[in-house]
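Me: Let's walk through this model together. I'll ask, you answer.

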Amino acid sequence: MHLYDPQMPFAGGPVLQHAEASVRHYRQLQHRLGITRNVVVQPSSYGTDNRVLVAGLRTFGGAARGVAVIDPSFTRRDLQLLDDAGVVGTRFNLVQAGATVVDMLEPVAEMVRPLGWHLQVHAPGGDLVQLADRLLALHVPLVIDHFARHQADMGDPRPLEQAVLRLLDSGRVWLKLSAPYIAAPAEQQRAALAETVRRWFDAFPERLVWGSDWPHVTEREKPDDAELMDLVAAWLPDTGSPRVLVDNPAQLYRFDVLPST
């Protein structure tokens, strides 16, 4: 999920913008959904200015983790301060041009490797197919965002499906089941997405995690978060919900280790 503070300036360029989406607002959603832990992901809207993220983590406390956006200019002290606040990963958004570009993958991976962080990658499907070998060569855990944008960019998703299986088979890559409206923009595409998700789960049940993508900044008409969460139970076998909603994210986001602040 993301946080938006109307007092903080957005990054330059054509970034996505959103009205206030605060810790207080999200706690109301947590109460409705019956969830107690969350992962705050820095939106590309703020570039590498992670102040809203850090403030949110401090308010949420030990039940939250963070995914920041950084670039090679960050110092060890910069990274340590983020780590102390509860950050466990850094995001590469290669779909909306902005703070991160593909040439930063290797240097940023080396920067965060001593901290045990992961790289979260949001990339067009065709790019992800081309990047698979390069991603596998990085010596850090990886998270592939938004169902790998399953049907958003490619006429034939089968090469992407195979690339995702290769990545998951490495044992250090996770796939995030978030924003089906991005991965399958047309309603008639959802059945194919569901079938693919079941195949991915059957092959690698320990490698899938769920995300809400709240407050759904890409969508003018906001989806029902409860319905999005129910897709996990609808698309996966009975064992899927506890794995994808609880067990797998506990490992990936290190919920057994309390942040320093």
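Reply: One term before we start: a salt bridge here is a side-chain nitrogen of Lys or Arg within 4 Å of a carboxyl oxygen of Asp or Glu. Lys and Arg count as positive and Asp and Glu as negative, while His and the chain ends are not counted. Buried means under 20% relative accessible area, exposed means over 50%, and partly exposed is in between (1.4 Å probe, protein chains only). This is a predicted model, where local features need pLDDT of at least 70 and side-chain atom pairs count only at pLDDT 80 or more, while totals for chains, interfaces and linings use all residues. Residues are numbered from 1 along each chain as its sequence is written, and side-chain values use heavy atoms, with hydrogens and water left out.

Me: D83 is buried, so which side chain of opposite charge is nearest to D83?

Reply: D83 sits in helix α3 (residues 76-85); helices (H or I, at least four residues) and strands (E, at least two) are DSSP runs, numbered from the N terminus. Contact means heavy atoms within 4.5 Å, and D83 touches L115, W117 and R254, leaving aside residues up to four places away in sequence. D83 has no salt bridge, and at 4.1 Å the nearest side chain of opposite charge is R254.

Me: How many residues of strand β3 are buried?

Reply: Strand β3 covers residues 87-93 and is largely enclosed by the rest of the structure. The count of buried residues in β3 is 7 of the 7.

Me: Which residue in β3 is the bridge partner of V67?

Reply: Two strands pair if DSSP finds at least two bridges between them. Strand β2 (residues 64-68) and β3 pair in the parallel sense, over 3 bridges. For V67, the bridge partner in β3 is G89.

Me: And which residue in β4 does R91 stand opposite?

Reply: β3 also pairs with strand β4 (residues 118-122) in the parallel sense, over 5 bridges. Opposite R91, in β4, stands Q120.

Me: What hand does the unit made by β3, helix α4 and β4 have?

Reply: A crossover is right-handed if, with the strands pointing away from the viewer, the path from the first strand over the helix to the second runs clockwise. β2, α3 and β3 make a β-α-β unit of that right-handed kind. For β3, helix α4 (residues 105-112) and β4, the β-α-β unit is right-handed.

Me: What covers the buried residues of α2?

Reply: In helix α2 (residues 51-60), the buried residues are V52, L53, V54, G56, L57 and F60. Right after α2 comes G61, with a positive phi near 85°. The cover over the buried residues of α2 includes α1 (23-33), β1 (38-41), β2, α3 and β3.

Me: How are the rings of F10 and Y46 arranged?

Reply: Rings of Phe, Tyr and Trp (its six-membered ring) pair if their centres lie within 6.5 Å; planes under 30 degrees apart count as stacked, over 60 as edge-to-face and the rest as tilted. A search of the whole structure finds 7 aromatic pairs. With centres 5.4 Å apart and planes at 15°, the rings of F10 and Y46 are stacked.

Me: How many residues apart in sequence are the parts that F10 and Y46 tie together?

Reply: F10 is in the segment before α1 and Y46 in the loop between β1 and α2. F10 is partly exposed at 27% relative accessible area, whereas Y46 is buried at 4%. Ring pairs link Y4, F10 and Y46 into a cluster. In sequence, the parts tied by F10 and Y46 are apart by 36 residues.

Me: Where does R32 find its salt-bridge partner, and which residue is that?

Reply: The count of salt bridges comes to 12. R32 lies in helix α1, and its partner lies in the loop between β7 and α9, so the pair ties together parts 192 residues apart in sequence. That partner is partly exposed, at 29% relative accessible area. With the closest N and O atoms 3.0 Å apart, the partner of R32 is D224.

Me: Which residue is linked with R91 and D145 in a network of salt bridges?

Reply: D145 forms a salt bridge with R91, the closest N and O atoms being 3.6 Å apart. D145 lies in the loop between β5 (142-144) and α6 (158-169) and R91 in strand β3, so the pair joins parts 54 residues apart in sequence. D145 is buried at 2% relative accessible area, and R91 is buried at 6%. Linked with R91 and D145 in the network is K176.
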